[in-house]
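Biologist: Please take me closely through one part of this model, following the elements from neighbour to neighbour. I am new to structures, so please explain each term as it comes up.

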Amino acid sequence: MSTKNLEEKQYLLRFKCDTKSHLTVLDHDICMTKCPDKLCTVFCPAEVYKWEGTRMQVGYEGCHECGSCRIGCPYQNIKWEYPKGGHGIVFRLA
Amino acid sequence: MSEKFDVIVVGAGPAGTSCALTCARNGLNVLLIERGEYPGAKNVMGGVLYRKQMEELIPEFWKEAPLERPVIEQRFWMMDKESVVQFGYKGLEWAVEPYNNFTVLRAQFDQWFAKKAVDAGALLINETVVTECLVENGKVVGVRTDRPDGEVYADVVVLADGVNSLLSKQLGFHKEYRPDEVALTVMEVINMPKDKINDRFNVEDNQGVTIEIFGDSTKGNLGTAFLYTNKESLNIGVGTTLSSMIKAKLKPYELLDYLKNHPMVKPLISGGESAEYLAHLIPEGGFRSVPKVAGNGVVVVGDAAQLVNAIHREGSNMAMHSGKLAAEAVIQAKQRGDFSESSLNSYREALYGSFIMKDLEKYKDATHTFEKYPQYFNDYVPMMNKAMSKFFTVDGTPKRDKQKQIIKSVTGEKGTLRVLQDIYRAWKAVK
């Protein structure tokens, strides 16, 4: 079967995006100075987090709301909320 | 919305809906709040639903519920790079009523189930996030939602808000979970024609197969993969503890692709078309991670209470049962007119007396043992494969000599004492 890359997989999903992010990196300096591995960019299943040299970019629009980044950030540096009611990801199947 | 209800249930998954349904049937005034567009929109599970606990809520539900296939065969694979040791059970008694379990697609099932609660009289409100519990004089008296003027009051609030239970954390019932207390799992639904599924998995139309895959499916990390048959699709997924994901620097979607391209898996899914990709956390901390489940005016059920038995892939059934037990405690509390912690503690007692906590207690050390001693996944599974390969390869060596060689290669590599220690430790963790 044709193997889809993550971007193509994300296109299979339906998102009802809010205009405001439900994910906030509290202190970008911590990402810069204390966290060489930038773990959130590794384990996030939707590649929501991307390190852009000096800042952590947060693509909240593609978030699956799994909670991994909140629990897995070694510095508790991510403020994690639920998107506004009815917004965010809409799973259709499983 | 400054109405007062008997019960507010936060979250319309299996736990919340089960609780709302039971309360509504007993004449209580129930508000069921769901943050998704519809119940199930935020939910993911591998897809196995057990019959027993569901049947207690809705007898003969299989005659009308949106189910996929009754599972008649459960396979287990100990997988190495280019081989697999398999065992399992197939029984035709599972192909007939009352069945044992079913594969289901949650987005459909949860909507159907929540409608049952609505039919029983519960008020379901979708697209609404509960942002906090309202606490007065040390008692939960209601919830604040993200709707304008969205405060609602009730005698009891039921927290069925899932693995990311921000509300029970807000109440101080548990601290933030550690990465080794949750499993990060990703899956795909792959569409495939019915006949192709039947041929590949050797079943008929109304018969399903589940395969749990250990070993190379997680590159030897603590976790499992799974492949389940639906009517006209497959669910394939893989997960490890978040701590393993971090330690091994795994990208979950790459692990899933690794699994899908594994020579033992690929032939089963080839030709299918990806229909959806999903990620979710599973609360796998077990017995020791179960938070406080009853307080003044509040109870916690389902994933929010860490009620998952990872070893037996049970979760939604435990969720439903805990929801039902919570409802029974709420109904009694209503009769007494007492919603204090000591009154609602009858839920805690019922939960701890049920199969749920007995099973979790049985496996209370399992996850942590396998996390601390990863050799079970990354040493023994390949060893088992090598042993079987050696045993079944006919090369003129007498079988007795082969047995000796196999035992020697296992104990030689690790030392007899260490092997015995590993066996004893594993037995202790699951006994």
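**A walk through chain B**

Modeller: Cys133(B) stands opposite Val143(B) in E9(B), and this is a good place to begin. The model is a predicted one, in which local features need pLDDT of at least 70 and side-chain atom pairs count only at pLDDT 80 or more, while totals for chains, interfaces and linings use all residues. Residues are numbered from 1 along each chain as its sequence is written, chains are lettered from A and ligands numbered from 1 in the order in which they are written, and side-chain values use heavy atoms, leaving out hydrogens and water.

Strand E8 (residues 130-136) of chain B and E9(B) pair in the antiparallel sense over 6 bridges, where pairing requires that DSSP finds at least two bridges between two strands. Helices (H or I, at least four residues) and strands (E, at least two) are DSSP runs, numbered from the N terminus. The hairpin of E8(B) and E9(B) has 2 residues between the strands, and Asn137(B) there takes a positive phi near 50°. Strand E9 (residues 139-145) of chain B is mostly covered, with 5 of its 7 residues buried; buried means under 20% relative accessible area, exposed over 50% and partly exposed in between (1.4 Å probe, protein chains only).

E9(B) is also joined to E10(B), again in an antiparallel run, by 3 bridges, and Arg144(B) stands opposite Glu151(B) in E10(B). This second hairpin, of E9(B) and E10(B), has 5 residues between its strands, with Asp149(B) in the turn showing a positive phi of about 50°.

From strand E10 (151-159) we can step across to a helix, since the buried residues of H10(B) pack against E10, strand E16 (294-295), strand E17 (298-300), H9 and helix H11 (355-362) of chain B, contact meaning heavy atoms within 4.5 Å. Those buried residues of H10(B) are Ser343(B), Leu344(B), Tyr347(B) and Leu351(B). Helix H10 (residues 341-353) of chain B has 13 residues, which at 1.5 Å a residue should span 18 Å, and because its end C-alpha atoms are 18 Å apart, the two values agree; the expected span is 1.5 Å times one less than the number of residues.

H9, one of the neighbours of H10(B), leads on to another helix. Helix H1 (residues 14-25) of chain B and helix H9 (residues 316-336) of chain B pack at an angle of about 35°, with their axes 7 Å apart; axes are lines fitted to C-alpha atoms, for helices over the stretch in contact, and angles run from 0 to 180 degrees between N-to-C directions. H1(B) passes H9(B) in a right-handed crossing, the name used if the near helix is turned clockwise from the far one by less than a right angle, an anticlockwise turn being left-handed. Among the residues that meet are Pro14(B), Ser18(B) and Thr22(B) in H1(B), and Ala319(B), Lys324(B) and Val330(B) in H9(B). The residues of this contact divide into 10 nonpolar, 5 polar and 1 charged, where Ala, Val, Leu, Ile, Met, Phe, Trp, Tyr, Cys and Pro count as nonpolar, Asp, Glu, Lys and Arg as charged, and the others, Gly among them, as polar.
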